[in-house]
Amino acid sequence: MYFTSYEFIGFMAVTLVLYYLIPKRAQWMLLLTASAVFYALNGVTALFWTVGTGLTVHFSALLLDKLIKDGKAALKENEALTKEEKAGIRRKYANRRNLTIVLCLTVNIGALAFVKVSGLFAVLGISYYTLRAIGYLMDVNRGTVKAERNFFRFMLYLTFFPVVIQGPLTDYGKLTETLYGEHRFSWENIGRGLLRVLWGFFKKLVLADRVFVAVSAIVENESSFRGPWVLAGMALYTLELYADFTGGIDITIGISEMLGIRVQENFDRPFFSPSVKEYWRHWHISMAAWFRTYLFYPISVCPPMKKLLKFTRKHFGEKAGKRIPVYISSAIVWFATGLWHGPAANYITWAMLHFAILMISEELEPLYEAFHKKCAWASSKPYRVFMSLRTLFIVSALMQFDIFTSVPLYFKRFASVFTPGTAVFADLGLNPYDWVILMVGTLMMFAVSLLKGDGSLSEKLWQKPYICRTVAFAGLFLAVILFGMYGPGYDAGQFIYTRF
Amino acid sequence: MDELLNILSELHPDVDFEEEDMLVDDGIIDSFDIVTIVSEIQERMDVVIGAKYITPENFNSAEAIYDLIEQIREEEA
């Protein structure tokens, strides 16, 4: 059941009505039922995997909580312990906790790897809920959150339907601030949430699914779309992925908002970023944060890495020596990021190229600083625009690995940029009417990004006269109905990022 | 605190670490910087900051980092 389907709209309508009719303390149970139904409708056998992860992580987390409590008690019991004895007790309990974590991770990451590599099972959202479950487990181990004692409440966190298919990779503490609560009906929540959902529908059905036709044409007739078409393909796929992914997340956040649940933002005007480093703080924010929190920092401060640091400081000097372990940690994390997208050469190459760019930028940092100090015009608006365009160019070029899964072919295409391509414009499969819609839609997305600034656009809109909201609703609704790619002759398109 | 300010200033001499309180949120220090800071703190102040303590809240200002150091010192005592 895709978000952008009649069935889902019906499902949401029923869920919403029931949600606000039933006693508030039962709302989370309704959400769990709805999530189970949603998930089962996407393939019942997948539930086996999801419940498996739920059970193993839930009980591991409870065990961790117990070990933390027991560890603290053991320290308190004996006031007259020496520092070494205390460290010994801490180590003993830490070892038990680490064993618990290692076992749980092996089972769940093993399951994830098996499902993805074998391709035998279609398990909706496995890449996402597995990481979210691991994040929860690590947070319990760190004492950041307490383990959820109720298995069904935990299953709601794991399978919460707006989030299960393509994230965001939620932070357990943050999502559960509102997930289990009692929610009163509010016209503002419904209104702002619905507007956000409509905006997501617009981006997905009107823009992403439309430009998909052109991108498909390029991929299917790849050899005739070489030369300058390579650049056109870059622009088109970037448009498609942006509209598709951010549109899907808009629907996710919008639905949650209608339920009174706050889901964190996953994108923040990523193409305004002046550098690739900044880009990763504004694109797929939750993924970057997850890998930073649960992989990068633990690896870069772990004892073997510290030993390596001592070694590199000694043999490569202070400055270079300090950077080598950090780069190695970063390389490992980026490799894992590529692997998470898919155990294939194109994703890993994509990831390692991002790593290489970040590392090179880091090394060139002193040069950049000197340049910016020397040239006043480097702080000007036009130059900032140039930096954003440069970043957009780089990330768009790398995004092509998504659709050209053969690494040699990817490089072949870029090598052909200055040779002529044989295709003509009409071969892209869209008519002038479609192109106008795409251009207007792109301008609309750009305008929304400009207008929203650092805050929420719907919040600003709600402070304006009522007519403004009405126009926004009506406009978007009409646009989706009139220009949406749906109905007879169209294949409903699932979101791009659900395949990860 | 002085030692900490030294560590921070060596990384970014242009930043006023006594005033700034959005170091992570505003991207003034990045994840590479944080790892360097953590290793310098271990080297020069003999305090081991575990990965679990590396959160935006704990590194958003020099004061927050210092409070974290003190917290860890107390826990180890």
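Is Tyr368(A) buried, exposed or partly exposed? Tyr368(A) is partly exposed, at a relative accessible area of 36%; the cut-offs are under 20% for buried, over 50% for exposed and in between for partly exposed (1.4 Å probe, protein chains only). The close-ups below come from a predicted model, where local features need pLDDT of at least 70, side-chain atom pairs count only at pLDDT 80 or more, and totals for chains, interfaces and linings use all residues. Residues are numbered from 1 along each chain as its sequence is written, chains are lettered from A and ligands numbered from 1 in the order in which they are written, and side-chain values use heavy atoms, with hydrogens and water left out.

**View 1. A nonpolar patch on the surface of chain A includes Tyr368(A).** Tyr368(A) sits in helix α15 (residues 365–374) of chain A; helices here are DSSP runs (H or I, at least four residues), numbered from the N terminus. Its partners in the patch are Ile360(A), Leu364(A) and Leu367(A), and the four together offer about 360 Å² of accessible area. That area comes from the Shrake-Rupley method with a 1.4 Å probe, and for residues only the protein chains shown count as cover. To join a patch, a residue needs over 30% relative accessible area and no salt bridge; nonpolar side chains (Val, Leu, Ile, Met, Phe, Trp, Tyr) are joined within 5 Å, like charges within 9 Å.

**View 2. Met155(A) is tucked away in helix α6 (residues 151–159) of chain A.** With a relative accessible area of 8%, Met155(A) is buried. Setting aside neighbours within four places in sequence, Met155(A) is in contact with Leu32(A), Thr50(A), Val51(A) and Gly54(A), where contact means heavy atoms within 4.5 Å. Arg413(A) is 258 residues away along the chain, and 45 Å separates the two C-alpha atoms.

**View 3. Helix α2 (residues 31–45) of chain B is largely enclosed by the rest of the structure.** That description holds because 12 of its 15 residues are buried, including Phe32(B), Ile34(B), Val38(B) and Met45(B). The buried residues pack against α12 (285–300), α13 (303–341) and α14 (345–363) of chain A, together with α1, α3 and α4 (62–76) of chain B. The end C-alpha atoms are 20 Å apart, which agrees with the 21 Å that 15 residues should span; the expected span is 1.5 Å times one less than the number of residues.

**View 4. Glu40(B), in helix α2 of chain B, belongs to a salt-bridge network.** Glu40(B) counts as buried at 5% relative accessibility. Not counting residues up to four places away in sequence, Glu40(B) touches Arg313(A), Lys322(A), Ile7(B) and Met45(B). The network links Glu40(B) with Arg313(A), Glu318(A), Lys322(A), Glu3(B), Glu10(B), Glu43(B) and Arg44(B). A salt bridge here is a side-chain nitrogen of Lys or Arg within 4 Å of a carboxyl oxygen of Asp or Glu, and the structure holds 29 of them over all chains.

**View 5. Three charged pairs in chain A form salt bridges.** Side chains of opposite charge can pair when their charged atoms come close. Asp70(A) and Lys66(A) meet at 2.8 Å, N to O. Why are Asp70(A) and Lys66(A) separated by about one helical turn? They are four residues apart in helix α3 (residues 46–77) of chain A. Asp70(A) is partly exposed at 24% relative accessibility, as is Lys66(A) at 48%.

Asp250(A) and Arg196(A) also meet at 2.8 Å, N to O. This pair links distant parts of the chain, 54 residues apart: Asp250(A) is in helix α10 (residues 229–258) and Arg196(A) in helix α9 (residues 187–220). Asp250(A) is buried at 5%, whereas Arg196(A) is partly exposed at 21%. Arg226(A) and Glu222(A) meet at 2.5 Å, N to O, and both are buried.

**View 6. Helix α16 (residues 381–399) of chain A runs for 19 residues.** From first C-alpha to last it reaches 27 Å, close to the 27 Å expected. Its buried residues, among them Tyr383(A), Met387(A), Val395(A) and Leu398(A), pack against α10, α11 (276–279), α14, α15 and α17 (407–415) of chain A.

Note on methods:
Helices (H or I, at least four residues) and strands (E, at least two) are DSSP runs, numbered from the N terminus.
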